[in-house]
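Take a look at the structure below. Then follow the walk through it, one stop at a time.

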Number of protein chains: 2
Amino acid sequence: MPDERPPRVEFQVHPSRYRHWRLATEGPVATLTMDVDEQGGIVPGYELKLNSYDLGVDIELYDAVQRLRFEHPEVRAVVLTSGKEKVFCAGANIRMLAAAPHAWKVNFCKFTNETRNGIEDATASSGQTWLAAVNGTASGGGYELALACDHIMLIDDRSSAVALPELPLLGVLPGTGGLTRVTDKRHVRRDLADYFATKSEGIGGRKAVQWRLVDEAVSRPAWPQTVAERAVELAGRSTRAAGPGEPGIELTPLSKTQTGDEIAYRHVTAKLDREAGVVEITVRGPDAAPPAGTAALHEQGAGFWTLALARELDDLILDLRSNELELGTWVFRTRGDPAKVLAYDRLLLDHADDWLANEIIHYLKRTLKRLDVTSRSFLALIEPGSCFAGSLLELALAADRSYQLVGLFEDQDPESAPAVLAPGETATEPAAITVGPMNLGPLPMGNGLTRLQTRYLGDDKGLADVEKRVGEALQAQDAEQLGLVTFAPDDIDWDEEIRIAIEERASFSPDALTGLEANYRFAGPETMETKIFGRLTAWQNWIFNRPNASGPDGALRRFGTGQRAVFDRKRV
Amino acid sequence: MPDERPPRVEFQVHPSRYRHWRLATEGPVATLTMDVDEQGGIVPGYELKLNSYDLGVDIELYDAVQRLRFEHPEVRAVVLTSGKEKVFCAGANIRMLAAAPHAWKVNFCKFTNETRNGIEDATASSGQTWLAAVNGTASGGGYELALACDHIMLIDDRSSAVALPELPLLGVLPGTGGLTRVTDKRHVRRDLADYFATKSEGIGGRKAVQWRLVDEAVSRPAWPQTVAERAVELAGRSTRAAGPGEPGIELTPLSKTQTGDEIAYRHVTAKLDREAGVVEITVRGPDAAPPAGTAALHEQGAGFWTLALARELDDLILDLRSNELELGTWVFRTRGDPAKVLAYDRLLLDHADDWLANEIIHYLKRTLKRLDVTSRSFLALIEPGSCFAGSLLELALAADRSYQLVGLFEDQDPESAPAVLAPGETATEPAAITVGPMNLGPLPMGNGLTRLQTRYLGDDKGLADVEKRVGEALQAQDAEQLGLVTFAPDDIDWDEEIRIAIEERASFSPDALTGLEANYRFAGPETMETKIFGRLTAWQNWIFNRPNASGPDGALRRFGTGQRAVFDRKRV
């Protein structure tokens, strides 16, 4: 990556094409073995030695986490281990980090964090409990990967250790959750955590257990049996809803077509306007009523509208985030029948004790969370013919601003404002939004609140007023009055107001927008998750930007050259 | 400030020397009028037009906040207003910001934040309720200053407004609390807050009230009387403990002597080792028993040990933070009689309903909080002859690591390790630490927890075990066993272990240390305060470091030149 134009990244992959992982299942226990192909870097210029990883390795891991949840309902415990001798994982590849442009580093770390949060979500929400079987040294991001698991076992062989060597070796932070999970999840005492983060060789054996860095240290002879026992124990405690022998559903390849200025899936289309720096995203509601009952839901599988939509949105977010850095504003529209969206929501919520329905809801939740931490500005345009209801209303609630048209478009110039309706179609009803049960709990943000709760933070009456209107189609003036949308322009003002909002957004500093949105979107309480994406990531990004790390004499660039880094010693 | 070496800053000031503020009191109401001297910049190169401020203006504000609490027990409401026509405050001076080196900007914002938190603390803890009487436009940091007040009144004259124009005009954040207080304190809806932060001209009148940006808009004719009424109302609701006519105590000038390598106060001495990048700070406990009862406490006034100590530490922290950027490690020692320290603590806590005792406790709390957000590494060395007990134990609990000697020093080489005892003195008792009531609640950190609670986060048993030992002199092995100190070396290992810890710290990236400590020190819950110092500040520092703000074509540098900023449009 010698220049600032990284290669185009594709996030779709399949186990048959994994280069770095092996996934095996045996009854309720899956084993995911990391065995990184040194020559398999996603871009040229480095070797992935010692089970170090880059974005390509992480893309496969994300795929495995997802498939375990949908394709393996029988799996109740996942053993994460290494296929290498004496090394579990050496963390993010340093030469890759040293050579990568800033945006690449930031996007890479964000995706890594999201996948690790997904591992914790599988443990917490799906009854698939992850167990790190650390059968060699876990260093930096390797230990941070283990930290995302519910239980950490370390082989006790006088040489294996867990370590966070970023500070002493690289002059950066353990920035993918390490600092937060060590204190807030594992409750390592802060002064011990400080010492630990200065010891590049790490800590192993009994001391690692005493300091709570791992849960147990197990001798080499006892290792295979203890790991197996522990996995069976964890599986036994699982609350996973699927019965034994229940078949999974296949995550079939997405239908995705890509041209220079469009990315199109079955339910989602994105038009890329490079001149304006805008992506116009249209999400289509279901064509038909939902299937009746869970048997039909399982039969539809990956074709079920909500799941298909979540997968398409997920892929689109990742694609645009990595590949279209200069498209700073995403404009969301929906199109379809709100009643059908609400019916799909109802089916899922009525059968939330079905493992697949549960998985779909949680996947939608994670996809919307991915949106929340995306450093792009979001506008939602609520036009006649749209279906911002229930789960799709979350797109408007996730937006930095929303606009809902009062009345209908009269004599609209189809060139000036790309309406959600196809040429020739007309809407006869004004745009409406509908709050549904999906907005009242099942899709929380990273801060633990729903998007509605975050919106009405400190305004209990405002929230209660909205909750009274559940199921009602709210036209623009009502919605504005209730505080559900930002602005409600009429046909006369619409085009101008939207145009100004978009142009203005494009005129602002992209960095300042990132900081603004990262603060505003997470009002109220903080969780480990928001601390990782806020406090920890913001400091890491600052450090990545400083010459002490990324300058020609900085620690990241000098690592492995035999030359010591040269630091500006001023503390800031 | 053309180079990276800013001028030496002195934080001691007195109302008789204020250039920018007027403080007047009338019974229970004080009026603090901002009337910035355009020519009074703390460094040359800019004019402080439109009541814009720099560090010098803020130093006077901090002094006023402190004096109101100690010298004016009768004051129960503080009206903050402007002495200029049509402008309340234009925020931080932009030319100053544009020309300032990164560390100066960061230190300036941090101090500004601390002073605003102090305003909120006066309202919450002292019954001195601050009222922003915004009698002209309050822009950027000017509005952020108003946000720190409990009640915001805006003059409704069709031209005055409140505004956060940082994003559109400067390409940076409203980074001194603005983004956090708008959503988390005032509960402005996030999409309205987004819109507000893009309108450089701001929002006034009724809309500012509707959006909760201010509490009331008052016409010009009604202004003086309404402000006066509101101040009297707030004063009437105050819980301030002092009776009317009760005299304050004078915050007399600190005795401070400064040489090239030492800063010395009455109870605190700091030795500056520029080669090692270390400050050795020694805090001395009280010489004598505390006065008996509050009358004697009031008589001692600023001479009372705890208050004197807090003022000296406060000044030292600010001095070192601003003036000694390359001294990255602060080593804390104490010296004196632990029993006397605990006796002073007891006097204060037994009389916490006395206004002065209350003020002293809260001031010590704020001073320790200032330590927590200081970007330096702290080591506490607990040696024979020390008095880490109660309030002074907080220094060890605030440290990133602490070392307590087992036994006594034998044959110590006075050159190699500067012991806390004077030459010729000997200690006969091993070092001990004592947990006291002051460690169990009155001195919370910014995260709302005590330092002990933060230390034992998730380890309720560990905390309970410590609480059982309150009042007991704990020698090193006991203290280590309880988890109260990090390491307990004996005489043989002490020098080497400390030397390595200090040298190692000096070898690490100063930036990575800042990030590491900012994360580790604030485990657990977050508050508005920690969000401001963590999430908001970290993003702002990142933005300050980016060419889009601070590069030659960046928005901060180009402001006022008539040239538009040139942005790298990549969103990161």
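Which backbone oxygen lies 2.6 Å from a polar atom of the side chain of A:S550? The oxygen belongs to A:F544. Keep in mind that this is a predicted model. Now place the serine. A:S550 sits in helix α21 of chain A, which covers residues 547–550. Next, look at what surrounds A:S550. Leaving aside residues up to four places away in sequence, A:S550 touches A:K105, A:F544, A:L556 and A:R557. A:F544 therefore appears twice in this picture: as a residue in contact with A:S550, where contact means heavy atoms within 4.5 Å, and as the owner of that backbone oxygen.

Step back to the two chains. Two copies of a chain are related by a rotation about an axis and a shift along it. What turn lays chain A on chain B? A turn of 180 degrees does, with a shift of 0.0 Å along the axis. The RMSD of the fit is 0.0 Å. The two copies are thus related as by a two-fold rotation axis. Now consider where they meet. Of the interface residues of chain A, 100% are also interface residues in chain B, so the copies meet through the same surface.

Turn to the strands of chain A. Here 6 strands form an open sheet. Their order is β1-β2-β4-β7-β9-β11, and the pairing is mixed. Which strands lie at the edges? They are β1 (21–26) and β11 (216–219) of chain A, and each pairs on one side only. From one strand to the next, the twist averages 20 degrees. Zoom in on one edge. There β1(A) pairs with strand β2 (residues 29–34) of chain A in the antiparallel sense, over 6 bridges. Within this pairing, A:E26 stands opposite A:V29 in β2(A).

Chain B has its own sheet. It is open, is built from 6 strands in the order β1-β2-β4-β7-β9-β11, and has mixed pairing. The edge strands of chain B are β1 (21–26) and β11 (216–219), each paired on one side only. Neighbouring strands of this sheet are turned by 20 degrees against each other on average, direction ignored. Do strands β7 and β9 of chain B run parallel or antiparallel? They run parallel. Strand β7 spans residues 129–134, strand β9 spans residues 151–156, and 4 bridges join them. One bridge partner to find is B:L154 in β9(B), which goes with B:V134.

Last come the aromatic rings. A pair of aromatic rings is described by the distance of the centres and the angle of the planes. Over all chains, the structure holds 28 aromatic pairs. Take B:Y53 and B:F108. Their ring centres are 6.0 Å apart and their planes stand at 50 degrees, so the pair is tilted. This pair links distant parts of the chain, 55 residues apart. B:Y53 is in strand β3 (residues 52–53) of chain B, and B:F108 is in helix α3 (residues 102–125) of chain B. Both B:Y53 and B:F108 are buried.

Now take B:W305 and B:Y344. Their pair is edge-to-face, with 5.6 Å centre to centre and 70 degrees between the planes. B:W305 lies in helix α11 (residues 305–323) of chain B, and B:Y344 lies in helix α12 (residues 338–350) of chain B. The two are 39 residues apart. Are B:W305 and B:Y344 buried or exposed? Both are buried. One more group uses rings from chains A and B: ring pairs link A:Y195, A:W211, B:Y403 and B:F487 into a cluster.

Notes:
Residues numbered from 1 in each chain as written. Chains lettered and ligands numbered in written order. Predicted model: local features only at pLDDT ≥ 70, side-chain atom pairs only at ≥ 80, totals over all residues. Heavy atoms only, no water. Helix = DSSP H or I, 4+ residues; strand = E, 2+ residues; numbered from the N terminus. Polar contact = N/O pair within 3.5 Å; in protein donor to acceptor, adjacent residues only side chain to side chain. Least-squares fit on C-alpha atoms with pLDDT ≥ 70 in both. Pairing = 2+ DSSP bridges. Axes fitted to C-alpha atoms, helices over the stretch in contact; angles between N-to-C directions. Phe/Tyr/Trp six-rings, centres within 6.5 Å; stacked < 30°, edge-to-face > 60°. Buried < 20%, exposed > 50% of the residue type's maximum accessible area, 1.4 Å probe, protein only.
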